[in-house]
Amino acid sequence: GCHAHCLLSSPPWRQVQRSCNPTGPDAGEELRPSDMVKMTKSKTFQAYLPSCHRTYSCIHCRAHLANHDELISKSFQGSQGRAYLFNSVVNVGCGPAEERVLLTGLHAVADIYCENCKTTLGWKYEHAFESSQKYKEGKFIIELAHMIKDNGWE
C-alpha cells in the first residue's frame, strides 16, 4: 500500500508565531543584571522595548522610557504641566527619596532621571501617607515635556 496518508497526518512543521519581532534574542525575556551590563557596552540604551509596541521615549536622547501598556493615568500634573503615571519604566535612575506635600497630600517621592542623558523626567512615589493614595506607591510620574511617542502611534 501507499503511505502517503502518513505524511498528511503527520503534524505540520511547528510554526512559531510571534506577534512581534523584538530586537535580538533576549528582548522578550527577563534580563538578568549580568546581561544588562553586557548590553550596555554594545548598545546605546540599557533596555529596548519591543518595537511592535507603542512606547514613550526620552525627548532629549530617544532612550526608551515606558511601554504604553504600563500607562496607568494621564491625569497628573507635573511641575511643567501634564504628566503621566506609569506602572514601570526602563532606563531610568532614581534619586534620594524625600517627603513632599503634593496636591494630593504628603508623599515620599524620589526624582527620576534618564540614565542615558541624565535629564530629570519626573518622580517615583516611594510612600503615600494618605490611604486613598496608596495605589501610587512604587509607580512613576513622567512629565509630558520630556517624552516623545515612538512606534505604532496613529
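## What pairing means here

Two strands count as paired if DSSP finds at least two bridges between them. Keep that in mind as you look at this predicted model. Take E3 and strand E4 (residues 81-86): they are joined by 5 bridges and pair in the antiparallel sense. If you want one spot to look at, find Gln77, which stands opposite Arg82 in E4.

## The six-stranded sheet

E3 and E4 belong to an open sheet of 6 strands. Going across, the order is E3-E4-E8-E7-E6-E5, and the pairing is antiparallel. Which strands are at the edges? They are strand E3 (71-78) and strand E5 (92-102), and each of these pairs on one side only. As you step across this sheet, the twist averages 30° from one strand to the next.

## The three-stranded sheet

There's also an open sheet with 3 strands, in the order E2-E1-E9, again with antiparallel pairing. Why is one side of E2 and one side of E9 left without a neighbour in the sheet? Strand E2 (64-67) and strand E9 (147-150) stand at the edges and each has a single partner strand, so one side of each stays free of a neighbour there. In this sheet, the twist from one strand to the next averages 30°.

Now zoom in on strand E1 (residues 55-58) and E2. These two run antiparallel, and 3 bridges join them. To find one of the contacts on your screen, start at Ser57 and look across to E2: the bridge partner there is His64.

Key
Residues are numbered from 1 along each chain as its sequence is written. This is a predicted model: local features need pLDDT of at least 70, side-chain atom pairs count only at pLDDT 80 or more; totals for chains, interfaces and linings use all residues. Side-chain values use heavy atoms; hydrogens and water are left out. Helices (H or I, at least four residues) and strands (E, at least two) are DSSP runs, numbered from the N terminus. Axes are lines fitted to C-alpha atoms, for helices over the stretch in contact, and angles run from 0 to 180 degrees between N-to-C directions.
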